[in-house]
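Subject: Structure for your files

Hello,

Here is the structure I said I would pass on. My notes on it follow below.

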Amino acid sequence: MEGGVVMPPNATYHSAEIGYVFNNLCTTEEVDVRLSNTLSSIWVQFARTGDPNDQRLPKWPVYDADSAQYIDFNTEISVREDLRKKNV
């Protein structure tokens with residue numbers, strides 16, 4: 001592709017989450033629908049309270065530079081540490 005960017009397989013791009021956040025997917029795959037429902041709930045909780053955490057949702061840790069924890073939205077949602085170190 002001349003002048004364009006070719007994304008590697010399974011790569012994520014800016015705004016890829018929008019369909020998931022607003023439950024507007026182009027798929028009915030169970031794993032995607034489940035992730036979409038969770039992301040939508042997290043965004044609503046954050047908009048409502050300023051905190052994405054709720055007893056019904058995965059725990060989203062407050063960022064701390066020492067541990068560099070982040071939430072990994074994948075087929076299983078999990079908390080991981082130091083994304084940049086892993087990819088360097």
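Ala-68 is a convenient place to begin: at 13% relative accessibility it counts as buried, where buried means under 20% relative accessible area, exposed means over 50%, and partly exposed is in between (1.4 Å probe, protein chains only). Ala-68 has a positive phi of about 50° although it is not a glycine, and it is found in the loop between H2 and E1. Helices (H or I, at least four residues) and strands (E, at least two) are DSSP runs, numbered from the N terminus.

Before the rest, some basics. This is a predicted model, in which local features need pLDDT of at least 70 and side-chain atom pairs count only at pLDDT 80 or more, while totals for chains, interfaces and linings use all residues. Residues are numbered from 1 along each chain as its sequence is written, and side-chain values use heavy atoms, with hydrogens and water left out.

Positive phi elsewhere

Asn-23 also has a positive phi, near 50°, and is not a glycine. Asn-23 sits in the loop between H1 and H2 and is partly exposed, at 43% relative accessible area. Gly-50, just after H2, takes a positive phi of about 85°.

Helix H2

H2 has 20 residues and spans 29 Å from its first C-alpha to its last, close to the 28 Å expected at 1.5 Å a residue. The expected span is 1.5 Å times one less than the number of residues. The buried residues of H2 are Asp-32, Leu-35, Ser-36, Thr-38, Leu-39, Ser-40, Ile-42 and Gln-45. These buried residues pack against H1, contact being heavy atoms within 4.5 Å.

The hairpin

E1 and E2 (residues 78-81) pair in the antiparallel sense over four bridges; two strands pair if DSSP finds at least two bridges between them. E1 and E2 form a hairpin with five residues between them. Ile-71 has Val-79 in E2 as its bridge partner, and Asp-72 stands opposite Ser-78 in E2.

Salt bridges

How many salt bridges does the structure hold? There are three, a salt bridge being a side-chain nitrogen of Lys or Arg within 4 Å of a carboxyl oxygen of Asp or Glu. In general, side chains of opposite charge can pair when their charged atoms come close.

- Arg-80 and Asp-72 meet through their side chains at 2.9 Å, N to O. Asp-72 is buried, with a relative accessible area of 17%, whereas Arg-80 is partly exposed at 38%.
- Asp-54 pairs with Arg-56, with the closest N and O atoms 3.1 Å apart. Asp-54 is partly exposed, with a relative accessible area of 24%, and Arg-56 is exposed at 64%.
- Arg-34 and Glu-30 meet at 3.2 Å, N to O. Because they are four residues apart in helix H2, they are separated by about one helical turn. An α-helix has 3.6 residues a turn, so residues three or four places apart point the same way. Arg-34 is partly exposed at 41% relative accessibility, and Glu-30 is exposed at 61%.

Trp-60

Which residues does Trp-60 touch, leaving aside its neighbours within four places in sequence? The contacts are Ile-42, Pro-52, Asn-53, Ile-71 and Phe-73. Of these, Ile-42 is one of the buried residues of H2, and Ile-71 is the bridge partner of Val-79. Trp-60 itself lies in the loop between helix H2 (30-49) and strand E1 (69-72) and counts as partly exposed at 31% relative accessibility. Trp-60 and Tyr-70 are 10 residues apart in sequence and 7.6 Å apart in space, C-alpha to C-alpha.

A nonpolar surface patch

Ile-18, Phe-22 and Trp-43 form a nonpolar patch on the surface, with about 320 Å² of accessible area together. Patches are made of residues with over 30% relative accessible area and no salt bridge; like charges are joined within 9 Å, and nonpolar side chains (Val, Leu, Ile, Met, Phe, Trp, Tyr) within 5 Å. Accessible areas come from the Shrake-Rupley method with a 1.4 Å probe, and for residues only the protein chains shown count as cover. Within the patch, Ile-18 is found in helix H1 (residues 18-21) and is partly exposed, with a relative accessible area of 35%.

Regards
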